[in-house]
Amino acid sequence: MNWWDEFPSAIRRGVPLAGYTTFGIGGPAEFFAEPRSIAELGRLIRRCHEEGLPVRLLGKGSNLLVQEAGVAGLVVRLPAPQFSHVEVSGNRLTAGAGCRLEAMISHTVRRGLRGLECLSGIPGTVGGAVRGNAGTPLAEISGAITAMTLMGPTGTIYDLPADQAGFGYRRSNLGGWIILAATFQLEEESSESVAQRRRVCFQAKRRRQPLAARSAGCVFKNPPENSASFFIDRAGLKGTRVGGARVSDVHANYVIADLGTISCDVLCLMAIMRRRVQDQFGIVLEPEIVVW
Ligand code: FAD
Ligand code: EPU
């Protein structure tokens, strides 16, 4: 008997990941699971640990490029209700890692709680947003977090205060941990004004970014000097194409994967963008997207 036969209803093998990412490209996961409970997730994680198999968490796949060769080991998604609950108590909101960011923001609007509405338009899950400290120059998700519930590699559950998560610009030190939930401290305000700010933030984003195209948002982090988009644009790279991948004409830090794109096209285009910006401005761009 193979180890995965212990999880007949949870594990599937050779599952294509393209449909689970916003780029819509990439190869399969060797093992793929959507556990129904924390207990089942714990058993799976412990078993992979014993087998020496890598485990990767997949949220909405909106900051992710999966390579054609696919991914060895287990890929876990958390769409089940146990992982996507939202609870509000006074000014505190706790959301499961599998909850969509936008769904969590809708709760804050209904309850008249301010602090997360400017993240509207970011298409990820709470888990993915916490892992990468998603945000905008106006607000990062870490600004409102007080604590997180995490699962370690042997399936043990821990609570971690926010000040120990190593949050910085698009970073945390939560690699190697599974984020199960996050708790936020928010401020009371009328539903109408929270909703109004959400609308303003979303519309500003929609005006400046190609939200409907197949992308993973900005591919590079902003260097300290200025926006990466500023340098990529000044380097004349808008519209540059490799295979099916092209630099967006709307926002220079977006790579769009047109139909027929393969992951190598995206990586090759990113290498060209990086080289040109380095040659022209002496600035080394660091990728923001995660490559599997
Ligand atoms: P994924 O892409 O699925 O995963 C990203 C990383 O998080 C991976 O390393 C994954 O293993 C890890 N991860 C996911 N879930 C968990 C978990 N439960 N526990 C541990 N690790 C986990 N980002 C911004 O910051 N600001 C923006 O304004 C913004 N705008 C965007 C607009 C568009 C149109 C798109 C497509 C993307 C945009 N992004 C933006 C990027 C992306 O949406 C965010 O980074 C988002 O937070 C990623 O969440 P996800 O659930 O999709 O994570
Ligand atoms: N700019 C250009 N050309 C462009 C786009 C922008 O020259 O095509 C210049 C303009 O000077 C503009 C400046 O860059 O004033 C800033 O542009 P923008 O406000 O779009 O901000 P950004 O720095 O490019 C960052 C985040 C986005 C986030 C916006 C919110 C990073 C890498 N990007 O973009 O996050 O939505 O601010 O304004 O931090 C993401 O991380 O995936 C992402 C989309």
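**View 1. Two helices that help wrap ligand 2.** In this predicted model, helices α4 (191-208) and α5 (228-234) each bring at least two residues to the shell around ligand 2. Of the elements involved, α5 gives the most, with 4 residues. The shell comes to 23 residues, and the closest are Tyr169, Arg208, Ser227, Ser229 and Asp233. Sorted by residue class, the shell splits into 8 nonpolar, 8 polar and 7 charged.

**View 2. Polar side chains at the oxygen atoms of ligand 2.** Take Ser227 to begin with: a polar atom of its side chain sits 2.6 Å from an oxygen atom of ligand 2. Lys238 also has a side-chain N or O atom at 3.0 Å from a ligand 2 oxygen. For Lys205, the corresponding side-chain N or O distance to an oxygen atom of ligand 2 is 3.3 Å. As for cover, ligand 2 has 800 Å² of accessible area on its own, and the protein covers 77% of that.

**View 3. The largest nonpolar core, with Phe184 picked out.** This core counts 53 residues, and the ones touching the most other members are Met104, Ile141, Met148 and Phe184. Strand β11 (residues 178-185) hands over the largest share, 5 residues. Who does Phe184 touch, once neighbours within four places in sequence are set aside? Its contacts are Asn91, Arg92, Leu93, Met104, Leu116, Val126, Ile141, Ala144, Ile145 and Thr146. Two of the names on that list, Met104 and Ile141, also appear among the residues that touch the most other core members. As a rule, nonpolar side chains in soluble globular proteins tend to be buried together.

**View 4. Another core, apart from the largest one.** This one has 25 residues, and Ile25, Leu65, Val277 and Leu285 are among them. It lies apart from the 53-residue core.

**View 5. Asp159 on strand β10.** Asp159 belongs to strand β10, which runs over residues 157-161. Is Asp159 buried or exposed? It's exposed, because its relative accessible area is 64% and the exposed class begins over 50%. Beyond its neighbours within four places in sequence, Asp159 is in contact with Met148 and Thr149. With Thr149 there is also a side-chain to side-chain polar contact, at 3.2 Å. Met148, the other partner, is one of the residues that touch the most other members of the largest nonpolar core. To place Asp159 against Pro54: the two are 105 residues apart in sequence, and their C-alpha atoms are 23 Å apart in space.

Conventions: Residues numbered from 1 in each chain as written. Chains lettered and ligands numbered in written order. Predicted model: local features only at pLDDT ≥ 70, side-chain atom pairs only at ≥ 80, totals over all residues. Heavy atoms only, no water. Buried < 20%, exposed > 50% of the residue type's maximum accessible area, 1.4 Å probe, protein only. Contact = heavy atoms within 4.5 Å. Polar contact = N/O pair within 3.5 Å; in protein donor to acceptor, adjacent residues only side chain to side chain. Near = heavy atom within 4 Å. Areas by Shrake-Rupley, 256 points an atom, 1.4 Å probe, with all protein chains shown as cover. Nonpolar A, V, L, I, M, F, W, Y, C, P; charged D, E, K, R; others polar. Core = buried A, V, L, I, M, F, W, Y, C linked by side-chain atoms within 4.5 Å.
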